[in-house]
Amino acid sequence: MKAAVFVEPGVLDVVHRPQPTELAPDEVLVEVECCGLCGSDVHAIAVPPGHPTAPNTIMGHEFVGHVVARGSDVEEPELGTRVVVDPDPKCGVCENCRRGMPSACLRLRAIGVYRDGGLAALCRVPARAAFEISESVPGWLAAIAEPLACVVHGMQRSAVQPGDSALVFGGGSIGCMFAALLSTAGAYPTVVVEPAAARREIALRCGADHALSPEEWARSGRELLPAGADVVVDAVGSLVSAGLEAVATGGRLVLIGMNSNARAEIAQNDITRRGISLLGSYITNFTFPTAIRLLERGQPDLSPIVTHRLSLDEVRDGLELLRTGEAMKVVIDLDRSEEHTSELQSHHD
């Protein structure tokens with residue numbers, strides 16, 4: 001089968017790999033329909049790499065498909081079930097899992113990072129990591145269940161209430177999902193700060209009340225949020241200082257963006273004096289079922305986030321589109337025929 005394999009930093013090859021033939025007793029085999037590309041995939045193939053990945057691993061951790069085989073101990077999901085996959089299967093028995101903190105599981109072996117992932121026709125996954133999703137959700141949209149589940153976790157951390165004001169730094173796919181869910185939860189106004197005009201437009205389509213460039217935010221942000229925002233989200237990973245300046249007294253600052261190289265000086269006394277809650281949010285926390293229900297309901301409309309659908313042979317093109325900011329979210333369609341491999345095509349076309 002064709003597979004997109006991480007060879008070494010800077011090298012991702014589409015090669016032929018043997019199909020998986022043996023399953024552990026607790027595993028299922030998923031025939032992959034669609035697989036999303038993520039910013040962490042871009043970081044993984046950068047030189048030097050910004051995200052760890054094991055050499056010779058099939059990449060891809062945001063995917064949907066159908067169960068076509070089951071290990072001897074698996075009762076659910078049944079054969080033929082359409083599933084999305086949690087790429088960070090938690091062990092359930094380590095100290096952190098037992099404390100109700102599965103996102104900090106001590107035994108994580110991420111799919112598409114340390115074990116073969118969804119950028120191939122077939123992928124072995126633990127049955128506990130496979131969650132049923134309706135056939136009514138288009139494959140290219142179902143593929144964003146994993147990042148959406150991460151955002152749902154961040155929303156839970158934010159404790160947003162109807163009528164809270166909200167500010168999101170970063171209008172990428174995570175920032176736009178936050179804007180959509182914050183608006184759906186009744187936050188008003190919901191403001192997104194993003195330098196790219198195309199992404200600001202998508203943020204508005206996803207439910208943001210205002211989408212501003214950093215320059216516009218510096219000039220007029222206080223007119224929109226004179227007391228600061230009750231909830232501030234850093235979806236960039238390096239804007240904690242800006243977030244602390246923008247959050248209201250007694251407000252919550254959610255840090256979900258990832259940048260291991262970012263360093264910031266903060267006025268700790270300001271956090272103490274103004275009663276600000278600083279909240280980290282990492283991957284998922286029992287949030288896949290909620291993300292799936294949102295996708296099946298179709299509200300909020302998250303379709304504008306998926307800007308490009310490509311074939312597996314175009315995976316390097318897709319990563320380059322993400323790296324340059326030309327794409328918001330790229331989804332690899334494993335069902336696309338060979339004759340379409342030269343096209344760079346948005347599902348909006």
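Val306 has its bridge partner in strand β16, and that partner is Lys329. The two residues belong to a parallel pairing, in which strand β15 (residues 306-310) and β16 are joined over four bridges. Two strands are said to pair here if DSSP finds at least two bridges between them. Helices (H or I, at least four residues) and strands (E, at least two) are DSSP runs, numbered from the N terminus. Before we go on, please keep in mind that this is a predicted model, where local features need pLDDT of at least 70, side-chain atom pairs count only at pLDDT 80 or more, and totals for chains, interfaces and linings use all residues. Residues are numbered from 1 along each chain as its sequence is written, and side-chain values use heavy atoms, with hydrogens and water left out.

How does the chain get from β15 to β16? It passes through helix α11 (residues 315-324), and this β-α-β crossover is right-handed. A crossover is called right-handed if, with the strands pointing away from the viewer, the path from the first strand over the helix to the second runs clockwise.

Strand β16 (residues 329-333) has another partner too: strand β3 (residues 27-36) runs antiparallel to β16, and three bridges join them. Cys34 is one of the residues involved, with Asp333 as its bridge partner in β16. Is β16 buried or exposed? Five of its five residues are buried, so the strand is largely enclosed by the rest of the structure. Buried means under 20% relative accessible area, exposed means over 50%, and partly exposed lies in between (1.4 Å probe, protein chains only). In a regular strand the side chains alternate between the two faces of the sheet. In β16, Lys329, Val331 and Asp333 lie on one side, Val330 and Ile332 on the other, and all of them are buried.

Now turn to strand β9 (residues 166-169). Ala166 and Val168 point one way from β9, Leu167 and Phe169 point the other way, and all are buried. Strand β10 (residues 190-193) runs parallel to β9, and four bridges join the two. Val168, for instance, has Val192 in β10 as its bridge partner. To travel from β9 to β10, the chain goes through helix α5 (residues 173-184), in a β-α-β crossover that is right-handed. β9 also pairs in the parallel sense with strand β12 (residues 229-234), over four bridges. There, Leu167 finds its bridge partner in Val232 of β12.

Next, let us look at rings. A pair of aromatic rings is described by the distance of the centres and the angle of the planes. Rings of Phe, Tyr and Trp (its six-membered ring) pair if their centres lie within 6.5 Å; planes under 30 degrees apart count as stacked, over 60 as edge-to-face and the rest as tilted. By this rule the structure has two aromatic pairs. In the stacked pair, Phe131 and Phe288 sit 5.1 Å centre to centre, with 15° between the planes. This pair links distant parts of the chain, since Phe131 is in strand β8 (residues 130-132) and Phe288 is in helix α10 (residues 288-297), 157 residues apart. Phe131 counts as partly exposed at 23% relative accessibility, whereas Phe288 is buried, with a relative accessible area of 2%.

The edge-to-face pair brings us back to β9: Phe169 and Trp217 are 6.2 Å centre to centre, with 90° between the planes. Trp217 lies in helix α7 (residues 214-224), and 48 residues separate it from Phe169. Phe169 is buried at 5% relative accessible area, and Trp217 is buried at 17%.

Another residue to visit is Ile202, in helix α6 (residues 197-206). Ile202 is buried, with a relative accessible area of 9%. Leaving aside neighbours within four places in sequence, Ile202 is in contact (heavy atoms within 4.5 Å) with Cys176, Pro304, Ile305, Thr307 and Met328.

Finally, step back to the whole protein, which has 11 helices and 16 strands. Its radius of gyration is 20 Å, close to the 20 Å that the globule rule gives for 349 residues, so it is as compact as a globular protein of that length. This radius is taken over C-alpha atoms, and the globule rule is 2.2 Å times the number of residues to the power 0.38. Of the 349 residues, 54% count as buried.
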